[in-house]
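Reader: I'd like to go through this model and ask how each label was earned. Can you walk me through it?

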Amino acid sequence: MRRYILAGNWKMHLDAQASADLVKALIPSVKDSTDVDVVVGPVFTSIPAVVEAAQGTNIAVAAQNCYWEDSGAFTGEIAVPMLKAAGCAYCIVGHSERRQFFGETDEKINKKAQALYKHGLTPIVCCGELLEEREAGKTTQVVETQLRGCLKDLPADKVRTTVLAYEPVWAIGTGKVATPAQAQEVHATIRALLVELYGQDVADAVRIQYGGSVKADNVKELMGQTDIDGALVGGAALKPDSFAAIVNFQK
Ligand code: PGA
């Protein structure tokens with residue numbers, strides 16, 4: 001049985017004060033959902049305030065990016081040990097916005113995932129096809145290539161704890177959610193790839209989130225699919241009520 005993981009990706013929203021306020025508002029409404037993992041991903045400068053506000057609760061903190069070297073002359077980057085010291089347990093890597101606007105490649109994502117494992121953080125590795133790729137019938141090919149590249153050389157015992165997020169790019173921030181059947185089809189393909197690469201046992205353990213216009217009113221049906229084990233939520237994670245409703249989808 002895989003444990004659901006509901007994560008909010010706050011993107012470049014909310015300063016430290018607003019981030020702490022959001023967490024404080026969230027705590028009472030998600031505190032009883034102890035059978036799922038709850039994660040929030042603020043901007044770097046909000047991490048300390050969010051970690052402090054979430055202390056002693058069931059809310060864990062994710063960074064939205066990292067660099068793979070431990071320290072050095074890399075102006076503007078943030079190292080994994082720094083994220084760990086700040087209290088992050090997870091880090092999102094390879095989000096489509098980073099691929100699209102910041103030159104993130106599968107090779108870079110792989111280095112980031114390796115660095116995260118080295119320091120005991122859990123990567124949330126994102127993948128997903130563009131609309132034109134889906135329309136050209138290339139979804140499977142695109143997602144498989146991304147994941148083979150992102151997970152390259154990672155040992156099976158590390159992959160077992162990785163969180164994957166399938167986010168069709170055409171569904172992100174557009175209100176155009178993939179149907180549960182469309183999402184399940186790709187999730188099943190991803191699971192089959194994991195079986196091929198690491199065996200059934202590891203594949204059964206890996207949690208695969210769906211992301212792209214997840215809302216309180218569509219989350220339940222998506223989570224009901226066999227291979228969907230959580231959600232990576234953008235817009236609907238910025239309000240305590242809507243994110244709480246997503247976290248509490250089983251209630
Ligand atoms: P959205 O974003 O929920 O606003 O579509 C999802 C994401 O980018 O992770």
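Reader: What makes H1 and H12 count as meeting, and which residues are involved?
Author: This is a predicted model, and contact in it means heavy atoms within 4.5 Å. On the H1 side, Leu22, Ala25, Leu26, Ser29 and Val30 meet Pro240, Phe243, Ala244 and Val247 of H12. By class, that contact has 8 nonpolar, 1 polar and no charged residues.

Reader: How do you describe the way H1 and H12 cross?
Author: Two packed helices are described by the angle between their axes and the distance between the axes. Here the axes of H1 (residues 16–30) and H12 (residues 240–247) come within 9 Å and cross at roughly 35 degrees. The crossing is right-handed.

Reader: What makes the ligand's link to the side chain of Lys11 a polar contact?
Author: The cut-off is a pair of N or O atoms within 3.5 Å. A ligand oxygen is 2.7 Å from an N or O atom in the Lys11 side chain, so that pair qualifies as a polar contact. The side chain of Glu167 has an N or O atom 2.6 Å from a ligand oxygen, and a polar backbone atom of Gly234 is 2.8 Å from one. The protein covers 96% of the 280 Å² of accessible area that the ligand has on its own.

Reader: Why is the phi of Lys11 worth a remark?
Author: Most residues other than glycine have a negative phi. Lys11, in the loop between strand E1 (5–9) and H1, has a phi near 50 degrees, a positive value. Asp153 also has a positive phi, near 65 degrees, and is found in the loop between H7 (139–150) and H8 (156–159).

Notes
Residues are numbered from 1 along each chain as its sequence is written. This is a predicted model: local features need pLDDT of at least 70, side-chain atom pairs count only at pLDDT 80 or more; totals for chains, interfaces and linings use all residues. Side-chain values use heavy atoms; hydrogens and water are left out. Axes are lines fitted to C-alpha atoms, for helices over the stretch in contact, and angles run from 0 to 180 degrees between N-to-C directions. Helices (H or I, at least four residues) and strands (E, at least two) are DSSP runs, numbered from the N terminus. A crossing is left-handed if the near helix is turned anticlockwise from the far one by less than a right angle, and right-handed if clockwise. Ala, Val, Leu, Ile, Met, Phe, Trp, Tyr, Cys and Pro count as nonpolar, Asp, Glu, Lys and Arg as charged, and the others, Gly among them, as polar. A polar contact is a pair of N or O atoms within 3.5 Å; within protein, one must be able to donate a hydrogen and the other to accept it, and residues adjacent in sequence count only if both atoms are side-chain atoms. Accessible areas come from the Shrake-Rupley method with a 1.4 Å probe; for residues, only the protein chains shown count as cover.
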